[in-house]
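Let's take a walk through this structure, stopping at a helix pair, a ligand and a couple of backbone oddities. Have the model open and follow along.

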Amino acid sequence: MKNYLDCINDYKKEDLKEAASIIKNGGLVLFPTETVYGIGADGLNEKAVKNIFLAKARAQDNPLILHVSDIEMIKKLVKNINSIENKLIKEFFPGPLTIIFEKKNIVPNIITGGLNTVAIRMPSNKIAHDLIELSSTPIAAPSANISGKPSGTNIDDIFDELNGKVDYIINGGNTKIGVESTVVRVIDNNIHILRPGKITYDDLKRIANVIVDEHVLNDVKESQKVLSPGMKYKHYAPNTKCILIYSDDKNKLIDKINEYYNDNTLVIATNKIANMYKNKICLGNTLEDISHNIFKALRQADKENKELIIIEGVKPTGLGLAIMNRLIRACSHNYIEI
Ligand code: TXA
Ligand code: MG
């Protein structure tokens, strides 16, 4: 296939030159990061960025992350970097962390949805890093999915959804982490977690006091102001109705699942629980396994044509907070804790 590069096993940096020239010329490139795939465009080219919004059918007021390859790029985009932000950069960049800064005028308003802040991330995935460096511009990239759907963690899952909407596809295999980056903003010396991810509360606590935004696990009421527009929108949802069940008592959990389970339902759970049922998708055993597999599982679940998807929840601490943030949204807050 034309306009497709397979990097699954290996690649040379120069293989990415074609994709980089597409970015420079205002095109869209589907590329892997360590979290999820992104739909990338030149973050300083308004027209190109507009096409990302069209490809995803994304709300115009939901701002995009600018992906950079080095500190010099960050300095061109943000007004000032305070000492806590500096420590976050030192500790966690490159990696699965996004920091919200006050933006410079060079950042187009379409990136920020009209806000005076901009989200910056320096991915550690080598393909992403090389692509940004070769493009010599910050790459704007939301998760690779039509708005509202689970983020793409491998090309097979999103090929039909996005083929024809992008100009070039880079296949880097399955993404390592599987859920999107942790999004934070420093306000009055506190680190606010706006979206949890692989960089956890405890990781951030080593730098400064941490506040988990109330909307990480709770619904946004219509009149409420939010620190991140993404919190307002429907996310990660399969077409099939879902219910999320959590209990730290396995017997209670199984009893509750059994109340809902029948031939027309499907269980998505850790291996031990899932294997008790005929209709199932196994997520593995650890929080890392669940994070790695959850979006693929949510997409696969739709193909099973069931009436209800029953999902096992996890304890919302560590990486579990990121998983529950995604699952509660996937289930449209249809959540039972016992
Ligand atoms: O791991 C990731 O972050 C992936 C990969 C591709 O890097 N990207 C990603 O982008 O998840 P997206 O657009 O799907 O999610 C970005 C989130 C949204 O919830 C958005 O509202 C929030 O970041 N955001 C972006 N700019 C912001 C800003 N200036 N203030 C507050 N929130 C912001
Ligand atoms: Mg997204």
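For the helix angles here, axes are lines fitted to C-alpha atoms over the stretch in contact, and angles run from 0 to 180 degrees between N-to-C directions. Keep in mind that this is a predicted model.

With that in hand, start with helix H11 (residues 287-303) and helix H12 (residues 319-330), which pack at an angle of about 20° with their axes 9 Å apart. Angles under 35 degrees count as roughly parallel, so H11 and H12 are roughly parallel to each other. Their crossing is left-handed. On the H11 side, the contact is made by Leu-287, Glu-288, Ile-290, Ser-291, Ile-294, Phe-295 and Leu-298. H12 answers with Leu-319, Gly-320, Ile-323, Arg-326, Leu-327 and Ala-330. Sorted by class, that contact has nine nonpolar, two polar and two charged residues.

Now swing over to ligand 1. There are 26 residues around it, and Thr-35, Asn-62, His-67, Ser-181 and Gly-230 come nearest. Gly-230 uses its backbone: an N or O atom there lies 2.8 Å from an oxygen atom of ligand 1. Two arginines bring in their side chains, with an N or O atom of Arg-58 2.9 Å from a ligand 1 oxygen and one of Arg-121 also 2.9 Å from a ligand 1 oxygen.

Last, the backbone. Most residues other than glycine have a negative phi, and most peptide bonds are trans. The bond from Phe-93 to Pro-94, though, is cis, with omega near -5°. You'll find Pro-94 in the loop between helix H4 (83-92) and strand E5 (97-102). Asp-188, which isn't a glycine, has a positive phi of about 50°, and sits in the loop between strand E9 (182-187) and strand E10 (190-195).

Terms used: Residues numbered from 1 in each chain as written. Chains lettered and ligands numbered in written order. Predicted model: local features only at pLDDT ≥ 70, side-chain atom pairs only at ≥ 80, totals over all residues. Heavy atoms only, no water. Helix = DSSP H or I, 4+ residues; strand = E, 2+ residues; numbered from the N terminus. Parallel < 35°, antiparallel > 145°, perpendicular 65-115°, else oblique. Left-handed = near helix turned anticlockwise from the far one by under 90°. Contact = heavy atoms within 4.5 Å. Nonpolar A, V, L, I, M, F, W, Y, C, P; charged D, E, K, R; others polar. Near = heavy atom within 4 Å. Polar contact = N/O pair within 3.5 Å; in protein donor to acceptor, adjacent residues only side chain to side chain.
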